[in-house]
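Here are some notes to read alongside the structure. They move from a helix crossing to the chains, and then to the DNA.

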Protein chains: 2
Amino acid sequence: MIGNTRFLIATHIMVGLAGKKMYMDGQPLNSEYMAYSVNTNPVVIRRIVSELKRAGLVDAKTGPNGGAFIAKDPSRITLADIYNALKDGGDIFNVNECKANHCCVIGRGIKPAFTNLVGEAESALLDVLAKKTIKEFAIETIDKTLRDEYKDQTSTIEELVQKVQQDENSTFEHLEKI
Amino acid sequence: MIGNTRFLIATHIMVGLAGKKMYMDGQPLNSEYMAYSVNTNPVVIRRIVSELKRAGLVDAKTGPNGGAFIAKDPSRITLADIYNALKDGGDIFNVNECKANHCCVIGRGIKPAFTNLVGEAESALLDVLAKKTIKEFAIETIDKTLRDEYKDQTSTIEELVQKVQQDENSTFEHLEKI
DNA sequence: CCTATTTGTAACTGAATCTGTTACAGTAAT
DNA sequence: ATTACTGTAACAGATTCAGTTACAAATAGG
């Protein structure tokens with residue numbers, strides 16, 4: 001992993017779908033809309049959605065008003081689930097391509113020792129990710145941003161979401177929906 | 001990071017230099033020799049050594065019998081030091097190239113929230129790496145391998161290193177040194 | 001049943017990254 | 001002086017990544 005932006009995009013998608021369920025109508029979001037938000041091509045979104053789907057985190061409908069929607073309660077999905085859903089999720093450090101020379105003691109010993117270390121490191125990483133649900137993360141992303149922008153700590157988040165939808169509507173006109 | 005094998009190679013190099021100091025004469029190892037053990041090109045080694053040097057972990061001498069040697073006590077260098085010494089050490093997940101659309105609430109909120117998360121994840125990772133010194137890691141790599149290979153739990157490690165050097169000598173002949 | 005909309009996936013492209021390599025100036029030991 | 005190294009620039013090939021086009025399959029709604 002790393003270097004690529006797939007985990008970031010997958011998380012972005014999941015925040016969108018979780019937010020849609022938590023604060024709005026829970027209807028599907030199509031790939032064109034999500035691509036607009038992520039600022040990329042719809043196919044990039046569909047590729048990642050397809051992996052999230054395989055992991056059972058989202059579901060999707062074809063046809064008019066189709067799109068992706070979250071398949072579980074947002075409080076029951078953690079960022080570790082998202083990380084693991086991605087094909088290249090494993091292996092923080094590349095130990096697979098270790099081709100150390102077995103004619104040398106260190107060459108023989110380095111791969112098992114390093115593999116062990118990478119295992120510890122990865123499990124520490126997953127512990128962090130597993131502690132954060134996509135519900136919490138969506139709140140950090142959406143709720144916090146809206147309250148900061150509107151300097152409003154008292155309205156319900158549903159009210160603020162409605163407000164921002166109106167404000168943003170013009171920018172989404174070409175998509176003919178919010 | 002990730003995808004590349006630089007951290008693995010840097011660790012391999014450091015195990016070699018630590019082992020040379022801990023179990024042998026502490027004399028410099030040249031890049032040709034290390035390249036043989038890592039099974040790559042000497043320039044690849046020199047590039048990484050140069051980064052380790054900048055971080056103060058190793059030092060190097062030019063000229064005959066030159067090469068790199070460890071600059072501190074192996075018990076005072078952790079794997080986190082090695083990780084941080086590498087230019088591309090930071091950023092487990094790519095959040096720099098986040099180009100989410102600011103016309104959308106999530107697009108505005110995702111980057112700070114994700115940056116925060118990456119910070120937590122990275123610090124958990126560094127905690128794991130900081131707990132392991134290169135001395136411990138060299139023992140796991142060299143000591144363990146030799147005792148397994150010779151099924152010998154009683155000799156000193158220096159004795160086993162001498163033994164394996166004799167056994168390996170033939171394979172290093174073309175390098176004219178072990 | 002027909003049409004419009006949307007997913008899912010294959011195939012291709014250009015850009016970027018990674019690794020290996022050659023080359024050579026600079027430095028130090030003998 | 002000569003020989004043996006480092007340090008670094010420059011380049012090439014392989015691989016990966018992101019974006020794009022294209023199209024079959026599925027489905028909603030008239």
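1. **A term to start with.** A helix axis here is a line fitted to C-alpha atoms, over the stretch in contact, and the angle between two axes runs from 0 to 180 degrees between N-to-C directions. Two packed helices are described by that angle and by the distance between the axes. The model is predicted.

2. **The helix crossing.** Look at helix H6 of chain A, residues 134-150, and helix H5 of chain B, residues 105-130. Their axes come within 8 Å. They cross at roughly 120 degrees. The crossing of H6(A) past H5(B) is right-handed.

3. **Who makes that contact?** Which residues of H6(A) and H5(B) make the contact? From H6(A) come Phe137(A), Glu140(A), Thr141(A), Ile142(A), Lys144(A), Thr145(A) and Leu146(A). H5(B) answers with Val105(B), Ile106(B), Arg108(B), Gly109(B), Ile110(B) and Ala113(B). Sorted by class, this contact of H6(A) with H5(B) holds seven nonpolar, three polar and three charged residues.

4. **The wider interface.** Now step back to the two chains. In total, 54 residues of chain B are in contact with 54 residues of chain A. On the chain B side, helices H1 (6-23), H2 (31-38), H5, H6 (134-150) and H7 (157-168) each supply at least two residues. H5(B) gives the most, with 16 residues. The side of chain B that touches chain A has 29 nonpolar, 16 polar and nine charged residues.

5. **Symmetry.** How are the copies related? A turn of 180 degrees, with a shift of 0.0 Å along the axis, lays chain B on chain A with an RMSD of 0.0 Å. The two copies are thus related as by a two-fold rotation axis. The interface fits this picture: 100% of the interface residues of chain B are also interface residues in chain A, so the copies meet through the same surface.

6. **One chain on its own.** Chain A has seven helices and two strands. Along the sequence, the pattern of chain A is α-α-α-β-β-α-α-α-α. The radius of gyration of chain A is 20 Å, well over the 16 Å that the globule rule gives for 178 residues, so chain A is more spread out than a compact globule. Along its principal axes, the C-alpha trace of chain A spans about 70 × 40 × 25 Å.

7. **DNA strand D.** Strand D is surrounded by 31 residues. The closest are Thr40(A), Val43(A), Gly63(A), Asn30(B) and Ser31(B). Two or more residues come from each of helix H3 (42-54) of chain A, helix H3 (42-54) of chain B and strand E2 (67-70) of chain B. H3(B) gives the most, with seven residues. The surface near DNA strand D has nine nonpolar, 17 polar and five charged residues.

8. **DNA strand C.** Which residues come nearest to DNA strand C? Of the 29 around it, they are Asn30(A), Thr40(B), Val43(B), Thr62(B) and Gly63(B). H3 and strand E2 (67-70) of chain A, together with H3 of chain B, each supply at least two residues of this surface. H3(A) gives the most to the surface near DNA strand C, with six residues. By class, that surface has eight nonpolar, 17 polar and four charged residues.

Conventions. Residues numbered from 1 in each chain as written. Chains lettered and ligands numbered in written order. Predicted model: local features only at pLDDT ≥ 70, side-chain atom pairs only at ≥ 80, totals over all residues. Least-squares fit on C-alpha atoms with pLDDT ≥ 70 in both. Contact = placed C-beta atoms within 7 Å. Near = placed C-beta within 6 Å. Helix = DSSP H or I, 4+ residues; strand = E, 2+ residues; numbered from the N terminus. Nonpolar A, V, L, I, M, F, W, Y, C, P; charged D, E, K, R; others polar. Left-handed = near helix turned anticlockwise from the far one by under 90°. Rg over C-alpha atoms; globule rule 2.2 N^0.38 Å.
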